[in-house]
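Colleague: I am new to reading models like this one. Can we go through it together, one question at a time?

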Amino acid sequence: MIENEGAPGQKIVTIYDDIYDLPDCRSYYRAMHHAGFRTAHFASAAFRAVLTEVKRLRGLDQANILDFASGYGIAPQLMRFGVSLEDVLSRYIEPWFDDATTEAVIEKDRDWLSEHVRPGQSDEYAGIDIAGRALDYGKAAGIYNEAFAENLQDDAPSDALADWLSKTDLIVECGSVAHMLPGALGKMLKASVERRPWIATAPIRGNDTAQALEMMQDHGYNVVALDMPPFRHRRFSSDDEQARAIDNAQARGHDTKGYEDTGFFHAQVYLARPQTEVTDIASWMQSPVA
């Protein structure tokens, strides 16, 4: 369990554009530590359970996973390696990282992760994002096997990405801004029609998920919210942000008592599966609940 509450007495900067696409991850994860970020802890546990079921059902020894809006790769990092979110967030507040070069950070991270590969791990991971430098870090550190700096909201996938999508078994998304941007999602589903990947996504409650959920259903997917309590995303930066979040969540039918009114955004996990591959989640080999 991650206990990071962030630093309630300090202001959170909620526009992360300046630190989302740097040559290494330390500034971004320091900001996430400060904000009490937790989504990846809960989402990655659910994603690992989903992946286990996909592989069991399809008889796979090795699966291909695509991380959407992946940035520095926190979801595949927690899926692929035996490290916790607390390990990652607390790592970059160590003084050594203050003045280290990007090259030194990447080498240190690569060595650290190589010592924590999960037993039996042979799956292949790719990231897609418009943040090319963040993706370069993730690939150099050994988090991704492949990385695609592409904007699927505006453009068609490259030939290389389309080829990867045609072999993808699972698409994951962990806290992106607009919940699997429908334009991008449609292009991914079109490119992956033969393999038909499962999709596991962790939107913030109150985000407009309707278009994305409807698009998955239109492509023949069964879409459900996993039966697990909503979990903390990050601390609110202000009373105004909290008020807006409560209004948005309530407008979409969520009870915010005990959740958003505690001072944190909350998220939940949705799972989309082809109708022919729907199994009883309660009988899975691995529980999706962290």
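Modeller: Start with a term: a residue is buried when its relative accessible area is under 20%, and exposed when that area is over 50%. Keep in mind that this is a predicted model.

Colleague: Is Tyr-72 buried or exposed?

Modeller: Compare its value with the cut-off. Buried means under 20%. Tyr-72 has a relative accessibility of 2%, so Tyr-72 counts as buried.

Colleague: How does the ring of Tyr-28 sit against that of Tyr-72: stacked, tilted or edge-to-face?

Modeller: Look at the angle first. Stacked needs planes under 30 degrees apart, and edge-to-face needs over 60. The planes of Tyr-28 and Tyr-72 make 40°, with 5.5 Å from centre to centre, and the pair is tilted.

Colleague: How many residues apart in sequence are the parts that Tyr-28 and Tyr-72 tie together?

Modeller: Find each partner. Both tyrosines are buried. Tyr-28 belongs to helix H2, while Tyr-72 is in the loop between E1 and helix H4, so the pair joins parts that are 44 residues apart.

Colleague: What kind of pair do Tyr-72 and Tyr-137 form?

Modeller: Tyr-137 is in helix H7, 65 residues from Tyr-72. Tyr-137 is buried, at 1% relative accessibility. The ring centres of Tyr-72 and Tyr-137 are 6.0 Å apart and the planes stand at 70°, so the pair is edge-to-face.

Colleague: Which residues are linked into a cluster by ring pairs?

Modeller: A search of the whole structure gives twelve aromatic pairs. Ring pairs link these residues into a cluster: Tyr-20, Tyr-28, Tyr-29, Tyr-72, Tyr-92, Trp-96, Phe-97 and Tyr-137.

Colleague: Which residue lies over the face of Tyr-92, and which over the face of Tyr-221?

Modeller: Here a charge sits over a ring. For Tyr-221, the distance to the ring centre is 4.8 Å, and the residue is Arg-196. For Tyr-92, the distance is 5.9 Å, and the residue is Arg-91.

Colleague: Now for charged pairs. Which residue forms a salt bridge with Lys-55?

Modeller: The whole structure has twelve salt bridges. Lys-55 is in helix H3, and its partner is 68 residues away, in the loop between helix H6 and strand E2. Lys-55 and that partner are both buried. The closest N and O atoms are 3.0 Å apart, and the partner is Asp-123.

Colleague: Are Lys-167 and Asp-163 buried, partly exposed or exposed?

Modeller: These two meet in a salt bridge, 3.1 Å from N to O. Partly exposed lies between the 20% and 50% cut-offs. Lys-167 has a relative accessible area of 37%. Asp-163 has 41%, so Asp-163, like Lys-167, counts as partly exposed.

Colleague: How far apart, N to O, are the side chains of Glu-260 and Arg-205 in their salt bridge?

Modeller: Both residues are buried. Glu-260 sits in the loop between helix H11 and strand E8, and Arg-205 in the loop between E5 and H10. The N to O distance is 2.8 Å.

Colleague: Which residues are joined into one network by salt bridges that share partners?

Modeller: Follow the shared partners from one bridge to the next. The network holds Arg-58, Asp-169, Arg-195 and Glu-277.

Colleague: One last element. Which strands and helices help cover the buried residues of H9?

Modeller: Helix H9 covers residues 182–191, and its buried residues include Pro-182, Leu-185 and Met-188. The cover includes strands E1, E4, E5 and E6, along with helices H8 and H10.

Technical notes. Residues numbered from 1 in each chain as written. Predicted model: local features only at pLDDT ≥ 70, side-chain atom pairs only at ≥ 80, totals over all residues. Heavy atoms only, no water. Buried < 20%, exposed > 50% of the residue type's maximum accessible area, 1.4 Å probe, protein only. Helix = DSSP H or I, 4+ residues; strand = E, 2+ residues; numbered from the N terminus. Contact = heavy atoms within 4.5 Å. Salt bridge = Lys/Arg side-chain N within 4 Å of Asp/Glu carboxyl O. Phe/Tyr/Trp six-rings, centres within 6.5 Å; stacked < 30°, edge-to-face > 60°. Lys NZ or Arg CZ within 6 Å of the ring centre and 35° of its normal.
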